Amino acid sequence: MKQKPRWTLEMLTAGLAVLCALLVLGLLTVAFYFSMNATNIYIIIKDGMARRAQVIMMDEPVSQLDNYFSSSWIARDDWLQSALNNVDPYRDCTVTGFDHRVSLQRVWCWPWDDTASAVVTERIPAIDGKAASGTVPDWPAGKYNVILTKENGNWKIKDITLLEWIQND
């Protein structure tokens with residue numbers, strides 16, 4: 001009769017150990033997928049916003065944006081549409097290069113979700129080139145909220161909302 005309580009205690013301890021191990025494994029899996037998504041999202045935002053600046057300032061083909069932005073965002077982007085219609089401040093400029101900087105301040109995406117949000121700061125502190133007016137206009141630095149969606153297994157920028165203009169360093 002004394003053996004049964006010990007056996008019950010051992011089974012309870014073993015069950016709790018298995019439960020804790022499964023919980024830790026689950027948390028590690030969630031952390032892994034969160035990290036993987038956050039890295040992919042950062043790369044899409046960084047490369048996508050740099051490519052967008054190239055299309056606007058350097059007359060690069062707009063088709064290069066398809067890998068980074070949803071087609072609905074490309075059609076709604078005022079800066080991009082201004083560049084495509086030759087009414088942007090860089091139309092009389094020959095830009096040969098620029099220093100594009102994006103810093104990720106916050107990102108959130110559940111591993112099982114198809115949408116993500118991030119807050120980023122974009123700066124272009126240096127632009128190389130010539131302008132008919134003498135100087136190439138500065139690119140305004142800003143803090144943005146970026147919404148991304150997963151389309152066919154790939155993250156794409158669905159919306160960029162300006163939160164505030166910031167001083168360009």
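**View A. Phe34, Trp108, Trp110 and Trp112 come together as one aromatic cluster.** Before you dive in, keep in mind that this is a predicted model, where local features need pLDDT of at least 70, side-chain atom pairs count only at pLDDT 80 or more, and totals for chains, interfaces and linings use all residues. Residues are numbered from 1 along each chain as its sequence is written, and side-chain values use heavy atoms, with hydrogens and water left out. What makes a pair of rings? Rings of Phe, Tyr and Trp (its six-membered ring) pair if their centres lie within 6.5 Å; planes under 30 degrees apart are called stacked, over 60 edge-to-face, and the rest tilted. The structure has 7 such aromatic pairs. In one of them, the ring centres of phenylalanine 34 and tryptophan 108 are 5.4 Å apart and the planes meet at 50°, so this pair is tilted. It ties together distant parts of the chain, 74 residues apart: phenylalanine 34 sits in helix H1 (residues 3-58) and tryptophan 108 in strand S1 (residues 93-108). (Helices, H or I with at least four residues, and strands, E with at least two, are DSSP runs numbered from the N terminus.) Phenylalanine 34 is partly exposed at 25% relative accessibility (buried means under 20% relative accessible area, exposed over 50%, and partly exposed in between, with a 1.4 Å probe and protein chains only). Tryptophan 108 also counts as partly exposed, at 43%.

**View B. Tryptophan 79 and tryptophan 165 form a stacked pair, because their ring centres are 6.4 Å apart and their planes are at 20°.** Here again the partners come from distant parts of the chain, with their positions 86 residues apart: tryptophan 79 belongs to helix H3 (residues 78-84), tryptophan 165 to strand S4 (residues 154-166). Tryptophan 79 has a relative accessible area of 28%, so this residue is partly exposed. Tryptophan 165 is partly exposed too, at 48%.

**View C. Look for an open sheet of 4 strands, in the order S1-S2-S3-S4 with antiparallel pairing.** Why is one side of S1 and of S4 left without a neighbour? Both stand at the edges of the sheet with a single partner strand each, which means that one side of each has no neighbour there. On average, neighbouring strands of the sheet are turned by 30° against each other, ignoring direction. (The axes are lines fitted to C-alpha atoms, for helices over the stretch in contact, and angles run from 0 to 180 degrees between N-to-C directions.)

**View D. Now zoom in on how the strands pair up, starting with S1 and strand S2 (residues 115-131).** Two strands pair if DSSP finds at least two bridges between them. S1 and S2 run antiparallel and are joined by 13 bridges, and a hairpin of 6 residues connects the two. Valine 95 is opposite glycine 129 in S2. Moving along, S2 and S3 are also antiparallel, with 8 bridges; threonine 121 has lysine 143 in S3 as its bridge partner. Strand S3 (residues 141-151) then pairs with S4 over 11 bridges, antiparallel once more. There you can find valine 146 opposite isoleucine 160 in S4.

**View E. The largest pocket has a volume of about 210 Å³.** What is a pocket here? On a 1 Å grid over the protein atoms alone, a cavity is a set of points where a 1.4 Å probe fits but cannot get out, while a pocket is an open set with protein on both sides within 12 Å along at least five of seven lines; lining residues have an atom within 4 Å of a point. Grid points are joined across faces, edges and corners, and the volume is the space filled by probe spheres set on the points. The lining has 13 residues, with Arg52, Asp77, Trp79, Tyr144 and Ile160 nearest the centre. At least two lining residues come from each of H1, helix H2 (71-76), H3 and S4, and S4 gives the largest share, 4 residues. The lining splits into 8 nonpolar, 1 polar and 4 charged residues (Ala, Val, Leu, Ile, Met, Phe, Trp, Tyr, Cys and Pro count as nonpolar, Asp, Glu, Lys and Arg as charged, and the others, Gly among them, as polar).

**View F. Leucine 148 in strand S3 and aspartate 59 in the loop between H1 and H2 make a nice pair to check for burial.** Which is buried and which is exposed? Leucine 148 is buried, at 0% relative accessibility, whereas aspartate 59 is exposed, at 58%. Aspartate 59 also has a phi near 55°, a positive value in a residue other than glycine. Asparagine 86, in the loop between H3 and S1, has a positive phi near 55° as well.
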